[in-house]
Amino acid sequence: GDSTLKGKHASSPHELAAVERRVPLRQDGVGGDDRRVYSAPAFKGKEFAGTALVSFRRADLERALDWIRDLERRRRWLALLLGASLALLGGLAISSWLLRPLGGLLEAARRVRAGDFAHRVEHPSSDELGVLAGEFNAMTARLGELDQLKADFVAQVTHDLRSPLSGILAQADILSGGYKGKLTEDQLECLRLLDRSGRDLAALVDNILDVTRLEAGETKLEPAPLDIRDAIEPMLDGFKARAEKLGVGLEAHIQPELSLVMADPEALRRVLENLLSNALKFTPKDGHVSVSARRDTPRECVVTVSDSGPGIPDFRMAQLFKKFSQIPETQSLSRGHAGSGLGLAICRKLVERMGGRIWAESEPGKGARFRFTLPLVLAREGGAYSK
């Protein structure tokens with residue numbers, strides 16, 4: 001540590017003492033420069049060979065020790081970080097190994113909640129998670145069986161109801177027409193009520209059958225290129241008389257030169273009919289209902305049916321398109337017979353089957369807007385349309 005003494009003779013008193021006494025010597029603070037001197041005799045066997053003399057300054061030693069301490073400190077931090085990183089990686093690996101099957105179960109639960117009872121969880125191990133996956137698959141299979149039984153039962157019952165309902169309505173027509181004798185005004189009024197109730201029930205039966213067939217995939221749609229005007233304008237013409245009777249304005253706004261859309265004509269007619277019926281039902285006198293169609297994106301046309309009715313509460317929006325869903329807050333404002341809560345569910349199924357999506361927007365007291373999209377026909381290549 002003190003290179004200035006290298007190669008020089010020991011001349012200081014403490015250095016001479018170290019050489020002459022041949023005993024270990026420690027001398028501090030020599031010469032006023034905080035120099036330390038250490039010495040020790042060296043022997044070869046039993047013979048004295050010389051004196052080992054070490055001289056250094058304290059500041060030099062402290063600097064060297066500081067560097068060593070810093071190095072050691074850095075090594076400790078590096079070891080700590082390395083250990084923490086290894087522990088973190090190990091924890092992530094273990095958690096991934098444990099959570100992967102749980103993620104599969106969570107996804108399966110979501111799909112079952114959405115009605116996909118054919119989905120199964122794959123977990124071949126025989127541990128607790130494997131047993132849980134097996135039980136989940138068994139539960140899903142049982143739910144699928146029960147759902148199919150329910151669908152078959154509903155389809156059978158609704159199908160069996162159609163024949164007696166048709167007979168009841170036919171007999172009501174015969175009686176009201178006077179073919180079985182002249183009826184009084186009171187009797188005719190009873191027949192009109194019977195006919196109206198019967199037709200409402202027949203519509204409910206038809207809706208239930210339609211939903212059941214759509215969910216079972218038995219309804220075959222045949223999308224084809226068509227002009228959206230050919231679907232909207234005849235529909236409005238059919239509703240004009242009803243709108244005038246209710247005192248509601250009815251109008252259409254179709255974007256000029258709108259491309260053809262890809263849709264099933266009968267399914268599109270059913271969607272528009274359901275949405276327009278709902279709009280007129282909840283629009284007060286002197287209100288207005290409009291139907292618009294415009295290009296929303298390069299590949300989609302959006303059709304909107306809007307009204308000036310009471311609107312829909314925000315907390316009810318999520319349940320609009322569920323089966324048998326109705327809005328209690330607006331039921332008293334409905335004009336006409338009460339609905340079955342299946343119309344919007346049917347609309348959603350039909351729109352999705354045609355490759356579109358449907359949603360609602362509303363502000364309480366400011367009406368509601370029901371929008372759905374349809375794929376646009378982009379071009380005609382080699383005699384065939386493309387979407």
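This passage walks through a five-stranded sheet, a separate hairpin, a pocket and one residue of a predicted model.

Because the model is predicted, local features are taken only at pLDDT of at least 70 and side-chain atom pairs only at pLDDT 80 or more, while totals for chains, interfaces and linings use all residues. Residues are numbered from 1 along each chain as its sequence is written, and side-chain values use heavy atoms, with hydrogens and water left out.

Starting with the sheet, five strands line up in the order S5-S7-S8-S10-S9, giving an open sheet with mixed pairing. Strands here are DSSP runs (E, at least two residues), helices are runs of H or I of at least four residues, and both are numbered from the N terminus; two strands pair if DSSP finds at least two bridges between them. Strand S5 (249-254) and S9 sit at the edges, each pairing on one side only. From one strand to the next, the twist averages 20°. Angles like this run from 0 to 180 degrees between N-to-C directions, with axes as lines fitted to C-alpha atoms (for helices, over the stretch in contact).

Helix H5 (residues 228-246) packs on this sheet and touches S5, strand S7 (288-297), S8 and S10, contact meaning heavy atoms within 4.5 Å. The direction of H5 makes about 170° with that of S5. Helix H6 (residues 265-282) lies across S5, S7, S8 and S10, and runs at about 170° to S10.

Strand S10 (residues 368-375) is mostly covered, with seven of its eight residues buried; buried means under 20% relative accessible area, exposed over 50%, and partly exposed in between, using a 1.4 Å probe and protein chains only. On one pairing, S10 runs antiparallel to strand S8 (residues 300-307) through seven bridges, and Val305 has Phe370 as its bridge partner. S10 is also antiparallel to strand S9 (residues 358-362), this time through five bridges. Here Ile358 stands opposite Phe372, and Ser362 is opposite Ala368. S9 and S10 make a hairpin with five residues between them, and Gly365 in the turn has a positive phi of about 85°.

Another hairpin comes from strand S2 (residues 35-44) and strand S3 (residues 47-57), an antiparallel pair held to ten bridges. Tyr38 stands opposite Val54 in S3. Two residues lie between these strands, and Gly45 takes a positive phi near 75°.

As for open space, the second largest pocket has a volume of about 760 Å³. A pocket is an open set of points on a 1 Å grid over the protein atoms alone, where a 1.4 Å probe fits, with protein on both sides within 12 Å along at least five of seven lines; lining residues have an atom within 4 Å of a point. Grid points are joined across faces, edges and corners, and the volume is the space filled by probe spheres set on them. Among the 26 lining residues, Gly115, Asp147, Glu215, Lys323 and Lys349 are closest to the centre. Helix H3 gives the most to the lining, with seven residues.

Helix H3 also holds Thr140, which counts as buried because its relative accessibility is 0%. Leaving aside neighbours within four places in sequence, Thr140 is in contact with Val112, Phe117, His119 and Arg120.
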